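Here are my notes on this model, point by point. Have a look at the fold before reading on.

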Amino acid sequence: MSAILILPGLNGSAEGHWQRHWTRDHASATIVRQASWSRPVLSQWLQALENELERAGQAWLVTHSLGCLLAAHLADRPAARRVKGAFLVAPCDLERTERLHPGAIEFGAMPTRPLPFRSLVVGSRDDRYMDFATLRRYAACWGSELHDLGDAGHINFESGFGRWREGYKLFSSFAETVEGRSQKGLRSQAATRVMVSSL
């Protein structure tokens with residue numbers, strides 16, 4: 001499999017968080033390091049992500065909370081062409097996050113542009129960082145599929161998500177679907193070229 005870039009949110013993903021387990025359980029996974037986890041600045045975080053995508057060539061994104069918004073901010077940037085797909089877990093709402101962590105984040109406005117790569121949003125109905133109706137709206141804006149985990153909090157260590165094996169299965173199913181569609185598209189293009197050349 002291609003590289004997997006792990007994008008944590010505010011304050012990083014502490015030991016025990018499912019993203020930390022992911023890096024240990026998947027040899028191809030690495031955390032995109034940020035200069036400051038406690039004071040996220042969008043331009044700095046984007047640069048770090050784009051640098052890693054440049055090194056990787058192509059990669060899957062596995063994101064949590066603010067990391068989901070970081071991935072979504074790639075929508076109109078050249079580096080987006082390097083993203084095979086994005087697994088967006090528990091996106092946060094910037095307005096709510098600002099209320100919970102006053103003055104901690106410089107992340108501009110909520111990204112609303114359709115993503116140029118396939119994406120799956122995994123959300124919770126009782127996430128204090130984004131209500132479910134808002135989650136549905138942003139998933140629709142991004143053109144993402146939505147998987148409802150029910151009452152799962154912020155889908156982090158505090159809400160019981162340590163080594164998240166069900167998450168591995170969700171991601172694998174998502175990646176297989178994306179790869180399958182890509183192969184189908186390539187076969188269709190090849191068939192079209194053959195038809196055109198025979199005219």
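1. Overall size first: the radius of gyration (over C-alpha atoms) is 17 Å, which agrees with the value near 16 Å for a compact globule of 199 residues; the rule behind that is 2.2 Å times the number of residues to the power 0.38. Along the principal axes, the C-alpha atoms fill a box of roughly 65 × 35 × 30 Å.

2. A word on ground rules: this is a predicted model, with local features needing pLDDT of at least 70 and side-chain atom pairs pLDDT 80 or more, while totals for chains, interfaces and linings use all residues. Numbering starts from 1 along each chain as its sequence is written, and side-chain values use heavy atoms, leaving out hydrogens and water.

3. The protein has 6 helices and 6 strands (DSSP runs numbered from the N terminus: H or I of at least four residues, E of at least two). From the N terminus they go β-α-β-α-β-α-β-α-β-α-β-α.

4. The 6 strands make an open parallel sheet, ordered β2-β1-β3-β4-β5-β6; pairing here takes at least two DSSP bridges. Since β2 (29-31) and β6 (145-148) are the edge strands with a single partner each, one side of each has no neighbour in the sheet. Twist averages 20° from one strand to the next (axes fitted to C-alpha atoms, for helices over the stretch in contact; angles from 0 to 180 degrees between N-to-C directions).

5. Zooming in on one pair, β1 (residues 3-7) and β2 are joined in parallel by 3 bridges, and Ile 4 sits opposite Ala 29 of β2. Helix α2 (residues 42-56) packs on the sheet and touches β1, β3 and β4 (contact is heavy atoms within 4.5 Å), its direction at about 170° to that of β1. Helix α1 (residues 18-25) lies across β1, β2, β3 (59-64) and β4 (83-89), at about 150° to β3.

6. Which residues are closest to the centre of the largest pocket? Leu 10, His 64, His 154, Asn 156 and Glu 158, out of 22 that line it. A pocket is an open set of points on a 1 Å grid over the protein atoms alone where a 1.4 Å probe fits, with protein on both sides within 12 Å along at least five of seven lines; lining residues have an atom within 4 Å of a point.
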